[in-house]
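Hi everyone, thanks for squeezing me in. I'll put the structure up and then walk through it piece by piece.

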Amino acid sequence: MKDWSLRDLEYWDERIREKVAEFGLDCFPQEFEICDQEAMLGYMAYHGMPAHYPHWSYGKAFEQIKTMYDYGVQGLPYEMVINSDPCLAYLMRDNSLCLQVLTIAHVYGHNDFFKNNFTFRTATDPRQTLAAFKARADRVRRYIEDPSIGAEAVERFLDAAHALAFNRRRNIAIRKPSEEEQRAAAIERATPRPDPFAHLHASEPPEEPELRRVPLEPEEDILLFIRDHNRHLADWQRDLLTIVDEEARYFIPQMETKIMNEGWASFWHHRIMHALELPEALHLEFLVRHNQVICPQPGGLNPYHIGFVVWRDIERRFGGEDSAEAREKLFAVREADRDVSFLRRFLTRELMQELDLFTWRPRGDHLVVTKVSDEESWQEVKAALLRQVGTGTLPVIRILDADHHGRRALYLRHEHDGRDLEMTHAEKTLGYLRELWGQDVFLETRLRDKRALLSVTESGFDAKLIG
Amino acid sequence: MTVFRPYSESDALRSDRSAGDRQRHREKLRRSLRENIADIIAEESIIGRTRDRIIKVPIRGVREYRFVYGDNEGGVGTGKGDTRPGQIVGQSGRRGQAGPGKAGNAPGEDYYETEISLDELVEIMFEDLELPEMERKFLREVASERIAKRKGYRRQGVRVHLDRKRTARSRIRRKVATGVATTSALRPATPAEGEERFPFHKRDLIYRRLKPDIREESNAVVVCIMDTSGSMDRLKKYLARSFFFLLYQFVRTRYDNVQVVFVAHHTQAREVTEEEFFHKCESGGTLISSGYRKALEIIHGRYHPELWNIYAFHCSDGDNFESDNAEAMRAAAELCELCNLFGYGEIKPMGSHYYESSMLERFRELDADNFQAVLIERREDVWPAFRSLMSREKTPADER
């Protein structure tokens, strides 16, 4: 089965790195680890991390991934790259030489992206990635082994924290104002502007700034807010909240750039593999594999496919293959964009037509196409697409008040953008939130165009319209 | 310089780190299955199927929840180039299922439907149930199961248990010890010319020691009595069959040594096969006593109550001929005397107990600790009814 030796890999890696340098990609030092399928599935279940804290959900992930591979879902590459410095990637022992070479080339694309894209640069410290995951894993294990805490309590708390992990700020590049700054801003807002006509008319009495409200401004970091404001939590619980939030923070750049990142890596593996002048047998296999990776997913969105098509189009429009202008443009875009801005700026109408992008809606038992990318409605399709890439798939929910009704109840608002919340999930998640907060929770949202208030109190879940 | 870390077998062997988490996940899966079993049982599709059939079971408990969008706004997808408005691109999934157009980068959008075999399901269902009052029969060891197990070796024994390989080895060992050994000693061929014969000695012979493995288990017989009269309409029969199906599967899962007898009755009763019992329909009036008499006849003939733990279960709509009630009561009382447990399930779907006569009240007068009656009104009742019969509290009564 295995048709390669470690020396082959070193040889091809050497050749690939020559090309990487020639094309001007800027990478972290690279490390590859060769593992078998079982280990690969294990890495995939634990987000690629060599060390990660235990939780049953990863066991579930393992089973799901394994099922997918066992059923032979096509085009799923056996590839895993970690955003760390040095960059760590896994190669599957049972892959053919061609797949190994392809994967190595693909990995360098990711490597360059991790090192240069702003979302990664601002949100993560690649030199600490592995150590940080290890440290967190050790902390969680310590709590599990602590007889006064135990596995069950930790699991229960993690269940709740995981449910809210991604209800945090997404754009990490934007600094969050400190409490003092928020206070100052509130006072600033309440201070009357100097009025040159003050002597001509009675000025309105200045409004008292509301400084006792918690939080001062709507708060998106739900777990961290609970950590800092629920006085009844034990230290280990606070620490678990920190741990879960830190992990979520690590994954946000990956979510924000899924299409760009996979597209970028596919774009470069394609370019590098062509430049390598592979022997014919390898080259033919490469073409087959490449097409598997970037094949469209009818009715869905394959990020490899869309990303690849858009990057190719950018290169074509800004000077063509191997031109310095195009290269410069590509590098600038990979540094400064994320999926939303990337698609907004570079997904043209022609490209949308080529991809045959459409919107669908459920109608009765069926999903029915509503708009296609034609002259009339391509902009609507595009707008719909932009809303559901990156972290756009996650509803924005903010804490407005931590002392609702004067009884320490938590009042939150869902920033509704046309998409209603899924109710089963909302009910359960609010239940978890109440567990973490220890008091009643209220969530304001909209259901079928009407304002609605969901709540979990002593008497359980309730949803009612509030006009 | 790029680092390649080669594959290391030993690392791979000790790094099954997901084992613990997988195990925990499976535990949760099982628990969730058990919690939803009443609903699953209520699904028509599993009753009367063969055991190796794979069924799909929706799982609720092990889903992970977070705030996600519903599908009121639909989604976006790529087409093959000829997509037109109005075209159908998929089926609305059940709630929580990802639509085809959701970008695949949201974490943990999961729906869950697991496939398990009926066998597995049955096993999970009955994990914590047992035929009640089994251990009270004092003759429990009489019919224990015997399997001979190999346990070591010995010098004496019967010829069939001779271990020839060990015997030959011990002869060679003896030969070497006596100093006759040459290289040919290891060759079992006929002795060469002039070489002294070295025969087997009685001390060389080694026998396998066999030890009977006595598993203590009780003898039990379960008598299933079902009313197949005309008043048992389709739904009632279905409910009765569901109940017996559970009982039957349960008995087969739990005890190797249990016999099951099927009795179907209307105005007359007869013993039927499993196949007939679950699949055949009949009609006619109802004489409950006929079923009981048949059961008594079978018990007297084949299953002596001194040697067997006897369980009798009867399902009926209770719509008995008025004239038969007294006789039925007598027969039931007799059954109670013979049986460890006599269970009666009355099937009264959708409030039909308002106009049909019922045996439930009548049977309540039955003065026996080992009698248990349940009412089954809907599909959802089948499992709780079954459970309540099976987990009946053990009372120290009727010790004979």
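Let's start with a small puzzle: in β7(A), which residue is the bridge partner of A:Ile399? It's A:Leu412. Keep in mind as we go that this is a predicted model.

So, that corner of chain A. Strand β6, residues 397-404, and strand β7, residues 409-414, run antiparallel and are joined by 5 bridges. Together β6(A) and β7(A) make a hairpin, with 4 residues between them. In the turn you'll find A:His405, which has a positive phi of about 60 degrees.

Zooming out to chain A as a whole, we get 18 helices and 10 strands. The C-alpha trace spans about 80 × 65 × 50 Å along its principal axes. For 467 residues, a compact globule would have a radius of gyration near 23 Å, and chain A comes in at 25 Å, which agrees. Buried residues are 42% of the 467. And if you take contacts with a separation of 6 or more, 69% of them are between residues 24 or more positions apart.

Now the domains. The assignment for chain A gives domain 1 as 6-125 + 256-346, domain 2 as 350-392 and domain 3 as 395-465. The C-alpha centres of domains 1 and 2 of chain A are 27 Å apart. Where those two meet, domain 1 of chain A puts in 11 residues and domain 2 of chain A puts in 8. On the domain 1 side, α13 (303-317) and α15 (339-346) of chain A each supply at least two residues. That side of domain 1 splits into 6 nonpolar, no polar and 5 charged.

One residue I'd like to pause on is A:His55, in the loop between α2 (37-45) and α3 (56-70) of chain A. Is A:His55 buried or exposed? It counts as buried, because it has 21 C-beta neighbours inside 10 Å. Leaving out residues up to four places away in sequence, A:His55 touches A:Glu155, A:Leu158 and, from the other chain, B:Asp21. A:Asp245 is 190 residues away along the chain, and its C-alpha is separated from that of A:His55 by 15 Å.

That takes us to the contact between the chains. Chain A brings 74 residues to it and chain B brings 57. The chain A side has 37 nonpolar, 19 polar and 18 charged residues. There's strand pairing across the chains too: 3 bridges join β5 of chain A, residues 366-372, to β4 of chain B, residues 88-91, and these run antiparallel. Within that pairing, A:Val368 stands opposite B:Ile88.

Last stop, chain B. Here 6 strands form an open sheet with mixed pairing, in the order β10-β9-β8-β11-β12-β13. Why do β10 (269-272) and β13 (371-376) of chain B each have one side without a neighbour in the sheet? They stand at the edges, each with a single partner strand, so one side of each is left free of a neighbour there. From one strand to the next, the twist averages 20 degrees.

Inside that sheet, β8 (220-227) and β9 (258-265) of chain B run parallel, joined by 8 bridges. One pair to click on is B:Met226 with its bridge partner B:Ala264. And helix α11, residues 382-390 of chain B, lies across β12 (341-347) and β13 of chain B, running at about 170 degrees to β13(B).

That's my tour, happy to take questions.

Technical notes:
Residues numbered from 1 in each chain as written. Chains lettered and ligands numbered in written order. Predicted model: local features only at pLDDT ≥ 70, side-chain atom pairs only at ≥ 80, totals over all residues. Pairing = 2+ DSSP bridges. Axes fitted to C-alpha atoms, helices over the stretch in contact; angles between N-to-C directions. Contact = placed C-beta atoms within 7 Å. Nonpolar A, V, L, I, M, F, W, Y, C, P; charged D, E, K, R; others polar. Rg over C-alpha atoms; globule rule 2.2 N^0.38 Å. Buried ≥ 20, exposed ≤ 12 C-beta atoms within 10 Å, placed from the backbone. Domains from an automatic or database assignment.
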